[in-house]
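Colleague: Please take a close look at the nonpolar core and the parts that surround it. I would like one connected account.

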Amino acid sequence: MTAHSDHPRPAVLGQNQYGKEECRVVRITRDGDTHHVKDLSVSVALRGDMDEVHLSGSNATVLPTDTTKNTVFAFAKEYGVESAEQFGIHLARHFVTSQPAIHRARIRVEEYAWERIASAGTASGADGAEGTGHSFVRKGQEVRTAQITYDGSSWEVVSGLKDLVVMNSTGSEFQGFAKDRYTTLQETRDRILATEVAARWRYSWSGGEEPPPQWDLSYRQAREHILRAFAETYSRSLQQTLYQMGSRVIEHRPEIEEIRFSLPNKHHFLVDLEPFGLGNDNEVYFAADRPYGLIEATMLRDGAEPRIPADPATL
Ligand SMILES: O=c1[nH]c(=O)c2[nH]c(=O)[nH]c2[nH]1
């Protein structure tokens, strides 16, 4: 006879917590034409008198996780985001002091840093650098890619980059689009435009007597043209912005004769704060993860043959 086979002990509830993970909030603060961005992923975990909800199913002490998410967005509007720490302190204090059943709140914040896309001749990223005031590139290095093919007589070099995240906090609209009975998207004259650029460009160089391009210089310049075109284009669609990025590279870099982009449209939806009696003048956005639009196109030097495949296995 073993102790636990004849007299099994009942299960007891151990440590428990609940909340909302990864509330992706983007707070734009407009200082005239200069915008400031705070981009956070906020996770809330609450603990307290939660036995009954587990044991009997009574939700009397359960502040919904949906409410915790709403609070994150509402606080972004009401208090702004001075720092990740200060924002977390506001939230944690709020949950613990306003809900008698909640005794402990753990707020985790990840902050994604952005730097300004500077215009020609200014130091990229330095705060206060000249630029549009509303164009940003996410900090953290993009990945540079290269594919070299040689068949014993000729070379093909396709270079590129991926994971280059950019955002315009204004200067973008999307309207006048086709509509059918399933269309619910509202036309907008002022939206956030954000994407994670993946681009590949093919050099005209194929060996022989011709000296190869200066690869590093060419990469830096192509990247710079892509960024500037993104920043300086008033966008009517991501497709139009893509075309400007590509044509600018083709026009300024004679060594490149084809460039292909794959641009996810990283949607940012304005949060409806009216239920909380708060306005939202393009200040607080929900950064959606998926699904996302995917806009792809090739730009060619006139007369060049398209050789970058549209559907590669990987970039
Ligand atoms: O720039 C855009 N292009 C689209 O094709 C599209 N479709 C959509 O729903 N939003 C957008 N935005």
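Modeller: In this predicted model, the largest nonpolar core has 57 residues, and the members that touch the most others are Val 25, Val 166 and Val 197. Domain 1 (17–112) and domain 2 (115–177 + 189–267 + 289–300) each supply at least three residues to this core. In soluble globular proteins, nonpolar side chains tend to be buried together.

Val 25 is a convenient place to begin. Leaving aside residues up to four places away in sequence, Val 25 touches Leu 40, Val 42, Val 72, Phe 73, Ala 76, Val 284 and Phe 286. The elements around these residues can be taken in turn. Strand β1 covers residues 23–31 and strand β2 covers residues 34–48; the two pair in the antiparallel sense over nine bridges. One of the bridge partners can be named: Thr 29 is matched with His 36 in β2.

Both strands belong to an open sheet of five, with antiparallel pairing and the order β3-β2-β1-β11-β10. At its edges are β3 (102–112) and β10 (268–270), each of which pairs on one side only. Neighbouring strands of the sheet are turned by 35° against each other on average, direction ignored.

Two helices lie across strands of this sheet. Helix α3 lies across β1, β2 and β11 (284–287), and runs at about 15° to β1. The residue range of α3 is 65–78. Helix α4 (residues 84–98) lies across β2 and β3, running at about 160° to β3.

Helix α3 also leads to an annotation. An unreviewed UniProt entry lists Thr 65 and Asn 265 under "binding site". These two positions are spread over 201 residues of sequence and also spread in space, up to 27.7 Å between C-alpha atoms. Thr 65 is found in α3. Thr 65 is classed as partly exposed because 16 other C-beta atoms lie within 10 Å, and a buried residue would need 20 or more. Its contacts, not counting residues up to four places away in sequence, are Tyr 18, Gly 19 and Lys 20.

Asn 265 is found in strand β9 (residues 256–265). With 19 other C-beta atoms within 10 Å, Asn 265 is partly exposed. On the same exclusion of residues up to four places away in sequence, Asn 265 touches Thr 195, Leu 238, Tyr 292, Gly 293 and Ile 295.

Key. Residues numbered from 1 in each chain as written. Predicted model: local features only at pLDDT ≥ 70, side-chain atom pairs only at ≥ 80, totals over all residues. UniProt positions renumbered as here; feature names shortened; annotations may be inferred. Helix = DSSP H or I, 4+ residues; strand = E, 2+ residues; numbered from the N terminus. Buried ≥ 20, exposed ≤ 12 C-beta atoms within 10 Å, placed from the backbone. Contact = placed C-beta atoms within 7 Å. Core = buried A, V, L, I, M, F, W, Y, C linked by C-beta atoms within 7 Å. Domains from an automatic or database assignment. Pairing = 2+ DSSP bridges. Axes fitted to C-alpha atoms, helices over the stretch in contact; angles between N-to-C directions.
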